[in-house]
2 protein chains.
Amino acid sequence: MKLKAKWIDFSSGGPLVGVLHQHDAITLNIRSLDRIKLCFGNKQIVVTTDITHDKKQVKPGEIGLFKDLKKHTKVKKGQQISVKYAKEPSSVDLIKKKLDGKELNREEINKIVKDLISNSLTEVESTYFVSACYMRKMSLNETKYLTEAIIKNSGKLHFKKHPIADKHCIGGVAGNRTTMVVVPILAAAGVTIPKTSTKSITSPAGTSNTMEILAPISFSNKEIINIVNKTNACMVWGGQGELASADDKLIKIERPLHLDARGFLLSSILAKKTAADASHVLIDIPIGPEAKIKNKAMAKDLREKFLKLGRMFKLKINVILSDGTQPIGNGIGPALEARDVLLALKGEGPKDLQEKSFAMAALLMKMVGISKAEKKVKQIILSGLAHKKMMEIIKAQGGNPNITPEKIKLAPHTSIIKAPKAGRVRYLSNREITRIAKLCGAPTHLKAGLYIHKKVGEIISQGEPMITLHAEDKSRLQDAIKEAKNSIIFNIA
Amino acid sequence: MKLKAKWIDFSSGGPLVGVLHQHDAITLNIRSLDRIKLCFGNKQIVVTTDITHDKKQVKPGEIGLFKDLKKHTKVKKGQQISVKYAKEPSSVDLIKKKLDGKELNREEINKIVKDLISNSLTEVESTYFVSACYMRKMSLNETKYLTEAIIKNSGKLHFKKHPIADKHCIGGVAGNRTTMVVVPILAAAGVTIPKTSTKSITSPAGTSNTMEILAPISFSNKEIINIVNKTNACMVWGGQGELASADDKLIKIERPLHLDARGFLLSSILAKKTAADASHVLIDIPIGPEAKIKNKAMAKDLREKFLKLGRMFKLKINVILSDGTQPIGNGIGPALEARDVLLALKGEGPKDLQEKSFAMAALLMKMVGISKAEKKVKQIILSGLAHKKMMEIIKAQGGNPNITPEKIKLAPHTSIIKAPKAGRVRYLSNREITRIAKLCGAPTHLKAGLYIHKKVGEIISQGEPMITLHAEDKSRLQDAIKEAKNSIIFNIA
């Protein structure tokens with residue numbers, strides 16, 4: 001059946017939706033949520049069906065297209081589209097196979113990833129795939145095939161230089177913004193390091209959210225290459241536009257249950273690094289009872305898998321196991337962490353953030369063949385080159401290169417949590433700090449979060465500020481204060 | 001924030017959707033797919049968010065409501081609604097718990113079912129629950145709690161009579177329309193037997209779809225009680241209106257992957273029988289390599305569970321294991337099966353459908369204390385009382401009580417598959433018959449399906465019709481013919 005296209009300014013936020021008038025739906029024998037195939041020219045796209053009785057929305061003879069489709073097609077208003085019922089794709093049977101505990105082969109995983117990227121799978125079907133991979137686990141081979149499929153079906157950056165350095169942290173530790181210190185140091189040392197990051201899912205800030213305080217982060221591949229050619233580096237969001245890929249969809253589905261399927265984690269990281277054209281990758285696995293990786297055995301197992309997969313994909317990978325028992329730095333939340341980063345690049349601010357970042361920078365330098373790396377890192381910091389390079393990157397991405405920590409605005413509503421007694425800070429809960437910072441509004445509210453005045457091992461007097469909360473509105477601040485009162489965030493003894 | 005209600009004539013077919021203008025979404029800090037809570041008077045409802053920029057759709061200060069919400073609220077156009085961000089319900093953590101392989105207790109399962117019914121869970125979250133229960137299996141206790149929760153949170157019919165008979169077939173065998181023969185026989189014998197059925201999910205017809213050929217099937221609880229008071233029986237759709245319950249939602253999510261979580265099956269059946277106020281239930285488990293239950297061991301295990309759960313819920317349950325190696329009856333598809341049923345009620349038509357239905361009717365009579373049941377069944381059939389009772393039920397449900405098999409119209413496009421050689425039919429594939437009948441359009445197209453001229457054991461000449469296909473349009477017929485040619489539907493030797 002031929003129908004006239006009509007754009008509808010609705011976004012489902014996920015599934016692609018086409019709206020039929022009830023009249024045409026009956027003729028086509030299509031029900032709500034059925035799949036329909038739209039053909040125009042030599043292109044085709046599969047969407048799910050909404051049905052309306054309201055001619056003001058969609059008349060008989062028309063098909064309404066939700067604007068999520070604009071990313072996928074440039075169909076014009078009034079254009080003739082051929083619409084027919086679409087069978088479920090064969091990957092649905094493959095998902096069932098995995099659900100039933102059977103291993104998938106290369107072609108099977110590639111088929112699923114292709115259907116995922118082309119939006120041929122519904123949300124329910126994709127969720128079954130995620131839960132099957134979470135519950136049944138993925139074998140190393142399946143992880144390899146998934147990585148290959150994501151790479152094959154996603155956009156890729158190409159740089160003419162070699163080596164290309166990259167780094168990644170498994171995450172789960174609040175305030176751990178080492179990337180934003182490491183990248184300018186490496187770039188200042190002449191190493192190419194194009195960094196793409198996702199936005200934070202479960203933590204109060206990620207590299208992307210924090211960088212957003214200093215400069216725009218959404219660019220086309222061409223723009224990214226220009227920025228890197230100018231400065232040796234970039235710190236951009238990889239979750240949109242041409243680099244967006246199957247694994248972003250998988251991550252989106254993991255979000256509601258805060259799942260973290262190990263196979264996806266590995267594939268996602270490896271695929272992202274390959275998409276960024278990396279040759280040398282340093283991976284940070286923080287270990288702590290309240291971090292993602294709870295103990296050394298889990299960390300070592302993960303390290304082994306990274307090294308094996310690295311060899312399969314010809315990536316030089318080095319993995320460090322780091323301390324994830326308390327947050328890193330003092331600021332938690334995008335704006336508060338951006339301040340710590342700018343200080344660290346001058347050899348100031350939180351000691352732990354400096355030490356960890358400098359050590360990682362040196363290690364990554366050694367990986368790409370730079371000798372006396374520790375000494376060089378010190379020089380680059382003390383000479384101001386690291387800070388200067390950061391300002392170059394900020395400028396190249398369209399930010400203000402005269403930014404200073406003092407100029408970064410924080411959310412206006414504040415509350416101070418004071419030390420109930422004098423003593424030494426013995427414990428600082430990574431989990432509770434994360435939770436309270438998110439209640440304050442981070443990372444959605446970039447200027448919200450909290451500031452930790454004293455870290456584990458430091459001495460504090462009774463009544464001295466321990467934590468300052470920052471929120472954009474009073475009600476969020478009240479929520480955070482209330483929760484903070486009912487939780488054990490720190491321990492002084 | 002207070003917003004003015006506006007109805008939008010869109011149906012998502014599932015999730016409840018509220019549409020905000022971008023302007024208000026920013027103020028509320030709400031993104032697409034976020035949950036929002038709508039409060040009006042002392043009622044509240046949680047929906048997911050769509051965001052628009054188009055003031056023609058939804059202006060700042062308004063909230064657009066998809067019409068799926070009409071079932072849940074009578075909010076009027078222009079009514080003030082208070083809208084705020086809603087946290088995820090605590091059942092999300094419980095679903096995660098089940099996903100991680102832990103057993104859920106009574107309160108936990110009740111919480112999930114409550115959130116499911118109140119539409120507080122998104123489709124993705126509900127899918128995680130279904131896949132967790134499918135992959136991790138449900139313990140007998142969990143099944144019991146799920147049944148209790150579904151009963152507690154669903155509508156229920158109340159009859160003043162006792163006993164109340166009911167029957168159920170596990171399904172998976174094409175043409176197995178015994179219900180429509182058993183119910184009028186029992187009703188004619190004076191037994192109350194209010195039968196609610198779901199519409200077919202995976203087969204070419206269910207009792208509801210087939211009954212739809214003869215009479216309307218959607219009624220309020222009050223109407224159902226009236227029909228039963230008049231005729232001792234009803235055959236209505238239980239999947240809508242007041243009897244709709246959590247398990248319909250679960251079944252809907254199972255559909256795309258054709259899953260069949262054993263725990264859901266048990267809970268769903270027990271809960272439906274309890275909702276229909278049943279005291280005596282006969283359950284039919286057909287066994288066959290191409291049926292749902294593949295072998296006797298699986299069948300016996302399932303029978304055990306039914307009997308145990310029956311004792312828990314004080315239901316008298318009897319389970320028969322029946323032959324599921326080939327389809328029952330000759331017609332496959334709603335209209336074709338309705339013809340077989342009307343014939344069987346007069347002691348005519350397919351022998352297998354008659355024999356099985358009469359045996360089941362006698363067994364159910366014995367369960368409720370009627371003696372010489374086999375003889376009584378014969379009398380009820382031969383005297384025409386069964387057929388007369390069926391016509392009464394059809395009339396009470398608003399159908400035509402003068403219907404005859406000849407008056408039932410079939411889909412107009414037909415094709416005959418002939419016997420390639422003479423001999424005896426040795427094999428008739430239940431799976432392929434199901435598949436081809438569905439390709440013909442059944443059960444969505446009520447008049448489509450196929451007619452089997454010869455069953456296993458019968459003799460056929462070369463070139464004699466073996467199967468006749470019926471479809472509403474040529475393209476479906478062609479698809480079915482093509483698939484039929486490429487499959488082994490029967491074997492003659």
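Helix 8 of chain A, residues 221-231, and helix 15 of chain A, residues 385-396, have axes that come within 10 Å of each other in this predicted model. Those axes cross at roughly 150°. Because angles over 145 degrees count as roughly antiparallel, helix 8 of chain A is described as roughly antiparallel to helix 15 of chain A. The crossing of the two is right-handed.

Let's look at who touches whom. From helix 8 of chain A come Ile227(A), Lys230(A) and Thr231(A), and they meet Glu392(A), Ile393(A) and Ala396(A) of helix 15 of chain A. By character, the residues of this contact are mixed: three are nonpolar, one is polar and two are charged.

Now step back along the chain to helix 14 of chain A, which spans residues 373-382. Which of its residues are buried? They are Ala373(A), Val377(A), Ile380(A) and Ile381(A). Seen down the axis of helix 14 of chain A, these buried residues fall within an arc of 95°, so they line one face of the helix. On the other side of helix 14 of chain A you will find Lys375(A) and Leu382(A), both exposed.

What lies over the buried residues of helix 14 of chain A? The cover includes helix 6 (179-188), helix 13 (351-367) and helix 15 of chain A. Helix 15 of chain A therefore turns up in both parts of this tour: it helps cover the buried residues of helix 14 of chain A, and its axis crosses that of helix 8 of chain A.

One last backbone detail is worth finding on your screen: just after helix 14 of chain A, Gly384(A) takes a positive phi of about 85°.

Terms used:
Residues are numbered from 1 along each chain as its sequence is written. Chains are lettered from A and ligands numbered from 1 in the order in which they are written. This is a predicted model: local features need pLDDT of at least 70, side-chain atom pairs count only at pLDDT 80 or more; totals for chains, interfaces and linings use all residues. Axes are lines fitted to C-alpha atoms, for helices over the stretch in contact, and angles run from 0 to 180 degrees between N-to-C directions. Helices (H or I, at least four residues) and strands (E, at least two) are DSSP runs, numbered from the N terminus. Angles under 35 degrees count as roughly parallel, over 145 as roughly antiparallel, 65 to 115 as roughly perpendicular and the rest as oblique. A crossing is left-handed if the near helix is turned anticlockwise from the far one by less than a right angle, and right-handed if clockwise. Two residues are in contact if their C-beta atoms, placed from the backbone, lie within 7 Å. Ala, Val, Leu, Ile, Met, Phe, Trp, Tyr, Cys and Pro count as nonpolar, Asp, Glu, Lys and Arg as charged, and the others, Gly among them, as polar. A residue is buried if 20 or more other C-beta atoms lie within 10 Å of its own, exposed if 12 or fewer, and partly exposed in between; C-beta atoms are placed from the backbone. The arc is that of the directions from the helix axis to the C-beta atoms.
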